[in-house]
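This report looks at the pockets of a protein model and at the packing of two of its helices. Please have the sequence and the coordinates open while reading.

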Amino acid sequence: MTALTGKTALVTGASRGIGRSIAERLAREGALVAVHYGSNHAAAKETVAAIHEAGGEAFPLHVPLGVENDVDTLFVGLEEGLNGRPLDILVNNAAVIDYDATIEKATPELYERVFAVNVRAPLFITQRALALMPDGGRIINVSSGVTWFATPEIVYAMTKGALNVFSRSLAHSLGRRNITVNTVSPGITETDMNEWLRGNPETVRQVATLISLGRHGQPADVADVVAFFASPDARWITGQVLDVNGGLLLGAPVQQ
Ligand SMILES: NC(=O)c1ccc[n+]([C@@H]2O[C@H](COP(=O)([O-])OP(=O)(O)OC[C@H]3O[C@@H](n4cnc5c(N)ncnc54)[C@H](OP(=O)(O)O)[C@@H]3O)[C@@H](O)[C@H]2O)c1
């Protein structure tokens, strides 16, 4: 018996990166996982196959977010996959960053697109998920350290600020249902979102000088913390933001 035996979970953006690692970890803990993704069929297939090979249960859920009827479509597929079971755990992880959405180059279209995926989708997915979620459920939102350190990608940072505010108010609203809502805020983590880290040892070394623990993150570093918030051990924690970043910008840079 593992921590999440008999539970179900929806992880958005689970085809790659941090979402994939979260899906694999929750499945390892015994949950049936809906592996949601937007476009990368091959990656989603790989995630589901990896879960099955490890003895877990999962199904793919292909729904691009940020388009008309996205949430309706998602719930049709989700309910089909759950086959009458409730939804115990929701992880709002899918997000996009647009490196052009700076103060100089942001356009209303870029703004709408990034907010649609990073803020509108989690809000309305959560709204719908609550009808399927029993009391005692878990909601974990994946935010970012850009809510407290400055970055040129200002629109992306604004979306993550909105997600933090959403999480706090949601936690208070859902307390009486014993549903916890927490936010995990990754630091610099090696995924496709941070392609600039790959094959670039000098950049990796410079990034490491900014992190007390002396290295950038891997998806599993974040996934393990999400699994904690989803577990019974986190039953009396709600409304919190946890930075999972190895001690990013805790003090002066440390030469490696
Ligand atoms: N990596 C970091 O350093 C870092 C730091 C702080 C916070 N975060 C946050 O961590 C979360 C995961 O980031 P990541 O680095 O793992 O990202 P990633 O490697 O780029 O993966 C993004 C995932 O989201 C899905 N996705 C993106 N746009 C979508 C859309 N419009 N509709 C549906 N699905 C969509 C992708 O699916 P498809 O490819 O199939 O479309 C993919 O599964 C995000 O919330 C991100 O903001 C990451």
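How many nonpolar, polar and charged residues are there in the lining of the largest pocket? In this predicted model, that lining has 24 nonpolar, 17 polar and 5 charged residues. The pocket itself has a volume of about 1100 Å³, and of the 46 residues that line it, Ala95, Val96, Ile97, Tyr156 and Met193 are the closest to its centre. Two or more lining residues come from each of helix H1 (17–28), strand E2 (32–37), helix H4 (108–132) and helix H5 (154–174), and H1 gives the most, with 3 residues.

The second largest pocket holds about 190 Å³ of space, and among its 14 lining residues Lys7, Gly136, Arg138, Ala230 and Pro232 lie nearest the centre. The table sets out the two pockets.

| Pocket | Volume | Lining by class |
|---|---|---|
| Largest | about 1100 Å³ | 24 nonpolar, 17 polar, 5 charged |
| Second largest | about 190 Å³ | 6 nonpolar, 3 polar, 5 charged |

Helix H4, which contributes to the lining of the largest pocket, also packs with helix H3 (residues 70–82), at an angle of about 40 degrees and with the two axes 10 Å apart. That angle makes H3 oblique to H4, and the crossing of the two helices is right-handed. On the H3 side the contact is made by Asp70, Val71, Asp72, Leu74, Phe75, Leu78, Glu79 and Leu82, while H4 brings Arg120, Phe124, Ile125, Arg128, Ala129 and Leu132. By class, the residues of this contact divide into 9 nonpolar and 5 charged, with no polar ones.

Notes. Residues numbered from 1 in each chain as written. Predicted model: local features only at pLDDT ≥ 70, side-chain atom pairs only at ≥ 80, totals over all residues. Heavy atoms only, no water. 1 Å grid on protein atoms, 1.4 Å probe; cavity = no way out; pocket = protein on both sides within 12 Å on 5 of 7 lines; lining within 4 Å. Points joined across faces, edges and corners; volume = space filled by probe spheres on them. Helix = DSSP H or I, 4+ residues; strand = E, 2+ residues; numbered from the N terminus. Nonpolar A, V, L, I, M, F, W, Y, C, P; charged D, E, K, R; others polar. Axes fitted to C-alpha atoms, helices over the stretch in contact; angles between N-to-C directions. Parallel < 35°, antiparallel > 145°, perpendicular 65-115°, else oblique. Left-handed = near helix turned anticlockwise from the far one by under 90°. Contact = heavy atoms within 4.5 Å.
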